[in-house]
Every structure is written in structure tokens, then in C-alpha cells.
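Before any charges are assigned or restraints are set up, it helps to go through a model for its ionic contacts, its cysteines and its unusual backbone angles. The report below does so for the structure shown here.

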Amino acid sequence: MKNYRVGIIGATGMVGQRFATLLENHPWFTVTALAASSSSAGKTYREAVEGRWVMKTPLPANMANLMVQDAADVDAMKDKVDFVFCAVNMDKAAIRALEETYAKAEIPVVSNNSAHRGTPDVPMVIPEINAAHTAVIHDQRKRLGTKKGFIAVKSNCSIQSYVPALSPLKDVFGLTHVLACTYQAISGAGKTFERWPEMVDNLIPYIGGEEEKSEKEPLKIWGRVENGQIMDDSSVAITTQCLRVPVSDGHTAAVFARFEKKPDLEEIKKIWAEYTSDAQKYQLPSAPKTFIHYFEEADRPQARLDRELEGGMAVSVGRLREDSQYDLKFVCLSHNTLRGAAGGAVELAELLCAQGFMD
């Protein structure tokens, strides 16, 4: 695999910082440009994040002295990168416009943002589940009038805790109904306990827009490419509740599911244990060796114990059992800023490189 020059748009925020740490020693990618708001432009990365660095690992030395560009100055990025990761904190209309500007300038965009997740010809990909959806990029390029530029996005962080566990069961047993309650870490709001003391010893039963995304996005993940667009799967009904809980990292989900054919619990565990995908076939550097880990212990998975499994890129499942109203229920966990955010976007970029879309 060739080495690609990459940029991080929104490099000073929490997800942008996570991108920086993940890319510091990446075997395929070298960070050659950083961009943020105009207030950070013209500063070194070290200066721009001084007093704001929230990662547990130090600021990457190979990026500390890179000059931060104004994210709006697309022309300044053109000759510096082969593609960019986008993690800006702006309103959705502004993000959509910014990402399309980059794409039309022939700079592919791999986005952590939700602004383009509903765009029919923008693939929203979890590499282990729907890698084939990237084929719609050819049609998106026709719409944009580009040869190389395009936009691809990762999905909502909370659905990546439970959609991976449901996906291999869906095709075998015919998934019809899902009820999911998610218990989401404060880093999902870009916060730490130091910056959000109100969350200590607290629970907030509302996260703006989260339930709507959680009920709609899995249907696109499970959808199909047709006539240059991704058509949502209409065979599954999903309802969710999303709560913010006093956990630093790691989104947990309590899941209830009903199927056309009632599954055998031991068969489910076998399906999870043996599940492989294009991510493993392409040997993507960020892909976990085992995507879904099942815990037999009654008190697992736990955020503190299991969120870092396989570099934070694996999904943990436990407490699988029959339910009195649904066919079965179980608990899932994923690291929301690794698997769910920056790490998932890096793995998506790896998939796009392996498929040839970055060349």
C-alpha cells in the first residue's frame, strides 16, 4: 500500500485530537495538513490546542509544529493532501457546504459529521458490515462533476455498539423489530468531567437528535444501492431511547430484538464468534482481528474493562438471553470515540484506499 498524505479538518476539537493520535504512527497515512476555525489559523498545532488537549496520550511530536490552516481556505489544502478527515463543529448546513467544497476541489472527504449521512449518494459505512456501499461513489462523482473528489461518512457513534451485533443475525433469522436503549458517554458530547461537572453523579435522559439518528441510520447501513442511490431497508422497525450517563468513554446499549425465525442462542454466539468481513479480507490496519467479542460473565461487558478491546475497535456483547416480549435481549458496548468516531473514520479511509477510491 502506498503512503497517503492526509489532512484533519477540525483538528483542535476532541475528535480532531483523536484523529491526530490515531494517525501519529499510521502505516498508510501521514498527516501533512491541519485545519480549524479562523481563530486557530496561523498558530502551530501546539499553540492552538494549548490548555485544550484532552487526550491521555501526548500531543503527537510530528504534528506539534504544523501550522494550522483556516478550514475555509480549501485552495491552501489542495497541494498538501491526498484526502482529508473532517471533524468540524459547525451547523449542518455549513458542514454540508464545506465538505462539498472540498470534494469539488478534488479532495476526497472522510467525515465524522452527520451532515451528509442522509444524502442518498453519500455512503455511510461501517467497513465490517456494508463495505459494498462505497460503489455509490461513482454516481456521487457524476453529480458533483469530479474525477477524484467525493464524500464518505461514518455512522452515528451509538449505533455502532449494537448494529454490528444485529447485522449478522439479520440475514440468517430475518430481523423485524428492534428496541434499543443507549447509555452514552460524555465524550460523545465532546466533554470531559472537568469541563462538564454537572454530569458527575447525574444522568440526562435526552440527547438532542440522537434518537432520530439511531432509528434511521441503521436502515441506511442495511440498505441497498439502486439507481445511483442507497435505498433504506424497510423491513425492520426500530425504536430507541438515548441517555447521557456519567461515563468518560464507551457507549452501552440494551437491545431487544424480534425475528421472523426465532434464533437459537448458542447458534447466535457461534455466528458472532465466526463473523468476518471485507475489513479482515483487506487486512485494514485499524480493523480488529475479531469484530464481535461475546462475554459469558453475567456482569460484562463493562465500559471501564472492555471499551479498549482490540485498540477500542472491537464490539463487546454479553447477557444474551430469551425475552418475554421479544425473542431475545442482550447488552452491547463500543468505544464511542474510537470505533464510534475517529477510529471508525480511519478504518473507513483504509477501506477506500484498499478499494482504490483514493487513487
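What follows treats the charged side chains, then the cysteines, then the backbone, and lastly two buried positions.

## Charged side chains

The coordinates discussed here belong to a predicted model, and every value in this report is computed from them. The structure holds 19 salt bridges, of which a few are described in this section.

| Salt bridge | Closest N to O distance |
|---|---|
| Lys 213 and Glu 210 | 3.9 Å |
| Asp 232 and Lys 216 | 3.1 Å |
| Arg 339 and Glu 347 | 3.2 Å |

The side chains of Lys 213 and Glu 210 meet in a salt bridge at 3.9 Å, taken from N to O. Both residues belong to helix H8, which covers residues 210–221, and because they are 3 residues apart there, about one helical turn separates them. Glu 210 is itself buried, its relative accessible area being 6%.

A second salt bridge that involves helix H8 is of another kind, for Asp 232 pairs with Lys 216 with the closest N and O atoms 3.1 Å apart, and this pair links distant parts of the chain, 16 residues apart. Lys 216 sits in helix H8, while Asp 232 is placed in the loop between strand E9 (229–231) and strand E10 (237–244). With a relative accessible area of 29%, Asp 232 is partly exposed.

For the salt bridge between Arg 339 and Glu 347, the closest N and O atoms are 3.2 Å apart, and both of these residues are buried. Beyond such pairs, Glu 100, Lys 104, Asp 121 and Arg 143 are linked with one another in a network of salt bridges.

Charge also gathers on the surface, where Lys 43, Arg 52, Lys 191 and Arg 195 make up a patch of positive charge. Of its members, Arg 52 is found in the loop between helix H2 (45–48) and strand E3 (68–70), and a relative accessible area of 39% makes this arginine partly exposed.

## Cysteines

How many disulfides does the structure hold? The count is 0, and two cysteines illustrate the spacing of the sulfur atoms. Cys 86 is in no disulfide, since the nearest cysteine sulfur, that of Cys 157, is 16 Å away, whereas a disulfide requires the two sulfur atoms to be within 2.5 Å. Cys 86 counts as buried at 2% relative accessibility. The sulfur of Cys 332 has its closest cysteine sulfur in Cys 181, at 12 Å, which is too far for a bond. Cys 332 is likewise buried, with a relative accessible area of 0%.

## Backbone

Most residues other than glycine have a negative phi, and most peptide bonds are trans. Against that background, three places in the chain deserve a note.

The peptide bond that joins Arg 300 and Pro 301 is cis, with omega at about 5°. Pro 301 lies in the loop that runs between strand E12 (292–295) and helix H11 (303–306).

Glu 106, a residue other than glycine, has a positive phi near 70°. Its position is in the loop between helix H4 (92–104) and strand E5 (109–111), and Glu 106 is partly exposed there, with a relative accessible area of 30%.

Asp 201, although not a glycine, has a positive phi of about 60°. This aspartate is found in the loop between strand E7 (175–184) and H8. Is Asp 201 buried or exposed? With a relative accessible area of 77%, Asp 201 is exposed.

## Two buried positions

Val 84 is part of strand E4, which spans residues 83–86, and this valine is buried, with a relative accessible area of 1%. Along the chain Val 84 and Glu 99 are 15 residues apart, and their C-alpha atoms are separated by 9.7 Å.

Phe 150 has its place in the loop between helix H6 (137–144) and strand E6 (151–153). At 0% relative accessibility Phe 150 counts as buried, which shows a loop residue below the 20% limit that defines the term. Phe 150 and Val 110 are 40 residues apart in sequence, while in space their C-alpha atoms are 8.6 Å apart.

Technical notes: Residues are numbered from 1 along each chain as its sequence is written. This is a predicted model: local features need pLDDT of at least 70, side-chain atom pairs count only at pLDDT 80 or more; totals for chains, interfaces and linings use all residues. Side-chain values use heavy atoms; hydrogens and water are left out. Patches are made of residues with over 30% relative accessible area and no salt bridge: like charges are joined within 9 Å, nonpolar side chains (Val, Leu, Ile, Met, Phe, Trp, Tyr) within 5 Å. Accessible areas come from the Shrake-Rupley method with a 1.4 Å probe; for residues, only the protein chains shown count as cover. A salt bridge is a side-chain nitrogen of Lys or Arg within 4 Å of a carboxyl oxygen of Asp or Glu. Lys and Arg count as positive and Asp and Glu as negative; His and the chain ends are not counted. The place of a charge is taken as NZ of Lys, CZ of Arg, CG of Asp or CD of Glu. Helices (H or I, at least four residues) and strands (E, at least two) are DSSP runs, numbered from the N terminus. Buried means under 20% relative accessible area, exposed over 50%, partly exposed in between (1.4 Å probe, protein chains only).
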